[in-house]
Amino acid sequence: REQQVGSPAELSMATTLFSNANAAVRRRFLEEFPFVEDIIMSEDQEWSRRVLLAGHALRYEPRAAVRHSHPYTVRSAFRRFFDSGVSSERAYMAGGRPAGSVLRRRAMEYARGELRWLWRSGNRRWIPYAAVYEGAKFIGLQLGARHQRLPLGLKRRMSALPSYWT
């Protein structure tokens, strides 16, 4: 699947989704569009935003999948998604209000899919935990996206990277 955008209004989580955990990028693109170092996280998403706005395309190749995971607890998931919310304005939420609609729709699709999988796979006992876990991620993301309204000390406590807030 190839993604290309013509304007900032077309930016969303769906269009900027790019992970440098498993990516192949031509050297000239990395030289022309270096990763920024002043963002708390999601530098790959911010990178994809700039590349797309410059008129280039991103291609997702599902056959090139890798296993990549993190053993997040509810608390660490909250913190990771708080940081993701902080960086969202420079990445997948740069498209404004339409990008928020895409994010909400994708989040609901993901949650329904996760619940279906837990139910069908016989892991129903994990549904309450999954609800708490996904709720923590959602709240962290929402707070991070509104971090400008929060006091510095609270940001440090909610972030997975408190040193960023110095």
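These questions and answers cover salt bridges and one helix in a predicted model.

Visitor: How many salt bridges does a search of the whole structure find?
Guide: A salt bridge here needs a side-chain nitrogen of Lys or Arg within 4 Å of a carboxyl oxygen of Asp or Glu. Searching the whole structure on that basis, the total is seven.

Visitor: How far apart are the closest N and O atoms of Arg49 and Glu46?
Guide: Both residues sit in helix α3, residues 43-53. They are three residues apart, so about one helical turn separates them. Their side chains form a salt bridge, and the closest N and O atoms lie at 3.1 Å.

Visitor: Are Arg49 and Glu46 buried or exposed?
Guide: The cut-off for buried is under 20% relative accessible area. Both Arg49 and Glu46 meet it. The answer for the pair is buried.

Visitor: Which residue is linked with Glu46 and Arg49 in a network of salt bridges?
Guide: Arg49 and Glu46 form a salt bridge. The network also takes in another residue, Arg50.

Visitor: Is Arg59 buried or exposed?
Guide: Arg59 forms a salt bridge with Glu61, at 3.3 Å from N to O. Glu61 has a relative accessible area of 25%, so Glu61 is partly exposed. Exposed means over 50%. Arg59 has 63% relative accessibility, and therefore counts as exposed.

Visitor: Which residue forms a salt bridge with Lys137?
Guide: The partner lies three residues from Lys137 in helix α6, residues 127-145, so about one helical turn separates the two. Both residues are buried. The closest N and O atoms are 3.1 Å apart, and the partner is Glu134.

Visitor: How far does α6 reach from its first C-alpha to its last?
Guide: α6 has 19 residues. At 1.5 Å a residue, 27 Å is expected. The model is close to that, with a reach of 27 Å.

Visitor: Within what arc do the buried residues of α6 fall?
Guide: The buried residues of α6 are Ala130, Tyr133, Glu134, Ala136, Lys137, Gly140, Leu141 and Gly144. Seen down the helix axis, they line one face, because they fall within an arc of 150°.

Visitor: Which residues are exposed on the other side of α6?
Guide: The buried residues line one face of α6. Turn to the other side for the exposed ones: Pro128 and Ala131.

Visitor: What covers the buried residues of α6?
Guide: Tyr133 and Leu141 are among the buried residues of α6. Their cover, and that of the other buried residues there, includes α4 (74-88) and α5 (97-120).

Conventions. Residues are numbered from 1 along each chain as its sequence is written. This is a predicted model: local features need pLDDT of at least 70, side-chain atom pairs count only at pLDDT 80 or more; totals for chains, interfaces and linings use all residues. Side-chain values use heavy atoms; hydrogens and water are left out. Helices (H or I, at least four residues) and strands (E, at least two) are DSSP runs, numbered from the N terminus. Buried means under 20% relative accessible area, exposed over 50%, partly exposed in between (1.4 Å probe, protein chains only). The expected span of a helix is 1.5 Å times one less than its number of residues. The arc is that of the directions from the helix axis to the C-beta atoms. Contact means heavy atoms within 4.5 Å.
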